[in-house]
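Visitor: Before I accept words such as "buried" or "salt bridge", I would like to hear the reasoning behind them. Could we go through the structure with that in mind?

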Amino acid sequence: MNRHLTPNLILGAILVALVVGVAGLSLIWTPHDHALMNIRERFGAPSDVHWLGTDQLGRDIVSQLMVAARNSMTVALIAVLMGGSIGVALGLLASALGGWFEDLIMRVADIGFAFPALLFAIMLSAVFGPSLWVAVLAIAFINIPVFARVTRGAANVIWTRDYVAAARAAGQGRFAISRDHILPNVAAPVIVQATIEFAIAILAEAALSYLGLGAQPPSPSWGRMLSEAQTLMFMAPQLAIYPGLCIMAAVLGFSLLGDALRDLTDPRLTRSRQA
Amino acid sequence: MSAILDVRAVSRRYSLPRRSLLRSGPVLTAVDRVSFTLERGRTLGIVGESGSGKSTLARMIMAFEAPDEGEVRFDGRTLHTLPAGELRLLRRSFQMVFQDPWGSLDPRRTVAWSIAEPLRATGADQVGRRVDEALDQVGLRAEDGRKYPHEFSGGQRQRIAIARAIVTRPALLVADEAVSALDVSVQAQILNLLMDLQEELGLAMVFISHDLPVVACLADHVLVMRAGRPVEAGATAGLIAAPRDDYTKSLLAAGGLMP
Amino acid sequence: MIALSDVSVGFDGARALRDVTLSVARGERLGIVGESGSGKSMLGLAMMGMVPDAARIAGEIVLDGTAMSGAPERVWRRARARKVAMIFQEPMAALNPLQRLGETVMEPLLVHQGLGRSAARARTLELFDEVGIPDPEARLRQYPHEISGGQRQRVLIALSLTCDPALLIADEPTTALDAHVALRIIELLVRLADKRRMALVFISHDLAAVARATERIAVMYGGEIVEGGPTPAVLAAPRHPYTRGLLGARPGIGGQTPGRDADGRRKRLPTIPGSVPPLSLLPAGCRFAGRCAVELSHCAAVRPEPYRLPDGRFAACHLLGAGT
């Protein structure tokens, strides 16, 4: 299956493995305590001890980036899982019931689409105070309509298949058909979408943290590292460059992986059956 | 003999999308006052080309759709007024075989799973034994049940679809273009299989096709439809020997070798 | 017009075509009949120089006096623009849904024939008229979805005629159509072949359609032509066991009357046992060995030569060599 191993897939998989691996590693080991300050060693240059140097408070940059990767992955994973499962359920339900119910769900989804996630995050932090959970909820919320739409679109196609008619002829109800036939057959496009949404979630988490609506100190985050480095742009540009590169690598990795998965599962690109 | 299926003056209309804001869209009458009865163990052939309404009729017989007028009575019960739960249980008595052997089996389910579906849905017991029996009846082996649909040829898939349709031991089988997608030599095998099963199980059959010669080889009676209306009906031998309607004549001529 | 001798098309380990020899003259109509996997579509593609890149092709193809074997794509492309045209089973798939029918048909006239816009338009109207499209002026402005399947096939035939082809290859052109529409399309193809002195290769699984459309027939099985000759003679008295089986299996053709026999059982159709094996598992000798009702002991191992029969017929079967 060599023709499936596209450069997109290989590069995407490597980047994703790298980011996820580093995030996982940070659970058991970082070179230093990421929050340990040492004012005497601030703006330290890369060395054997601090591989990428230290920041304005003398904290180890590698350790911070590693823990930030973990935070970023956690937020994206929980948000995509939450938004995904609610969205998929709504999409399946809309497709199964049809009629005014489907119209209602899809119009609400349209409104959800149009509602800025940032505004929602600001509203949430006004109520609960800013935290990582605000970021999770806000990102999950914007994911619901995306998944509802993708699921419903794919499900509507599956509902027209003869094997679904056969299941109806067999006496299966709508919910049993949704569970037995629709869900397994929409899984591929939903998983592809999830990968792409994961990339968007990483970016959204960085943006929210940059604005102070995400991870709170001392818990590091790429977005907040970026915002803190902003004022020091001319003194220590590397402080902005490192988290920027991390965000880029993670987003690019998941985007490429999503694109490659979409190409793999697109029936138009798989060879049609020889007549 | 009693009628297993009694179709009484059924009509089905669809409203097409409106073309202007002010007027409602045109209405398409897909099936227009069609009636027939089918005895137990007998076969009715329904012949027509695209747009004849034959598939809409099949969907009404299968109670996927309710008629706008008239009624479909199965074994003395009007299908579209039955409560949903009762209809689901009754479904084990009338089953369907579809045209496309590539589309009528869920690609992600094993053959045995698909064949067992009507049994599970109606809460039957001894599922495994009956699936093996159905596979045997259609000329497949019990081991084939563990495979997936893509491992089979078109003809074998149609055998699987037939196994699923007979596993509940129905009284009526509706076959909508069930052999149209198959090669000629495979088509003959499937037609013979349907004849075998009909004799073995005492099935009544509604066999729907665009192909009059195919219908003639297994139907006792034939109903010819065009644009939703019945144009000619009668016992197969008489209808083949002396078709009265020009449309029937043209359908008969199309299948023959001589111009 | 086109002559193939010993043309084979192979994919790794399997041969989709094996030593196919045939020729079609100007104005002649040849039918190619076969089931799925018989190689009939691959044969059509070989005649267009369009076999897939992964395939190896051997043998001689002579098109209008020019040897095309091993010819580069550029030469084939020129031939396709000027001499050979092809129509397919699904007319909707072959038409651009976003392009008006007039634009579609005028495009090759503008590009390949170098006509001006008004000349191309006039030519398109002529072609629409020739293929029996009513109200051609109005059709120019319509889109594919606005006309029926039969009309779409006519538009595609008009499109194939833009290059004034000497050879038209029709691959299952009537399969997607209703019977009476299919009959009209066949009549049109026959008329065009006669009037334009155009060679027609009509590929189909449908014996009835081929019977009407063609003068000569080639029956294919397993990538080979197993029987050939004048269409009426072959269909009236097939000599190859496969052709016999195929004709017998088709209801309404083999002469059997439907109904019930004396003890009330419905009459069964004669069948060919089994199904077409995958290309890679075909026997080395006669491709039909293993499914044949009258097989001899050496059939699976020894390949039968095509035996010449009277009136230009031939069949590749050992039984004929045995003097029966």
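**Reasons behind the words**

Guide: In this predicted model, helix H6 (residues 162-169) of chain A has six of its eight residues buried, so this helix is largely enclosed by the rest of the structure.

Visitor: Which residues of H6(A) are the buried ones, and what covers them?

Guide: The buried residues are A:Tyr163, A:Val164, A:Ala165, A:Ala166, A:Ala167 and A:Ala169, and a residue earns that word when its relative accessible area is under 20%. Their cover includes helix H5 (132-159) and helix H7 (174-210) of chain A, together with strand S6 (94-97), helix H3 (111-121) and helix H5 (154-166) of chain B. After H6(A) comes A:Gly171, which has a positive phi, near 100 degrees.

Visitor: Why is C:Glu146 called partly exposed?

Guide: The relative accessible area of C:Glu146 is 42%, and because buried means under 20% and exposed means over 50%, a value in between is called partly exposed. C:Glu146 sits in the loop between helix H6 (136-140) and helix H7 (149-161) of chain C, where a polar atom of its side chain lies 2.7 Å from the backbone nitrogen of C:Tyr143. Although C:Glu146 and C:Pro97 are 49 residues apart in sequence, their C-alpha atoms are 9.9 Å apart in space.

Visitor: What makes the pair B:Asp220 and C:Arg260 a salt bridge?

Guide: The side chains of B:Asp220 and C:Arg260 meet at 2.8 Å, N to O, and the rule asks for a side-chain nitrogen of Lys or Arg within 4 Å of a carboxyl oxygen of Asp or Glu, so the pair qualifies. Across the interface of chain C and chain B the rule finds six salt bridges, and 17 residue pairs are counted in polar contact between these chains. On the side of chain C that touches chain B, helix H8 (179-196), helix H9 (207-213) and helix H11 (241-249) each supply at least two residues, with H9(C) giving the most, four residues. The residues of that side divide into 15 nonpolar, six polar and 10 charged.

Visitor: How many residues does each chain bring to this contact, and what area is buried between chain C and chain B?

Guide: Chain C brings 31 residues and chain B brings 30 residues. About 2800 Å² is buried between the two chains, and carbon and sulfur atoms give 51% of this area. Within chain C, the residues losing the most area to chain B are C:Arg212, C:Arg250 and C:Arg266, together 23% of what that side buries.

Methods: Residues numbered from 1 in each chain as written. Chains lettered and ligands numbered in written order. Predicted model: local features only at pLDDT ≥ 70, side-chain atom pairs only at ≥ 80, totals over all residues. Heavy atoms only, no water. Buried < 20%, exposed > 50% of the residue type's maximum accessible area, 1.4 Å probe, protein only. Contact = heavy atoms within 4.5 Å. Buried area = accessible area lost by both parts, 1.4 Å probe. Polar contact = N/O pair within 3.5 Å; in protein donor to acceptor, adjacent residues only side chain to side chain. Nonpolar A, V, L, I, M, F, W, Y, C, P; charged D, E, K, R; others polar.
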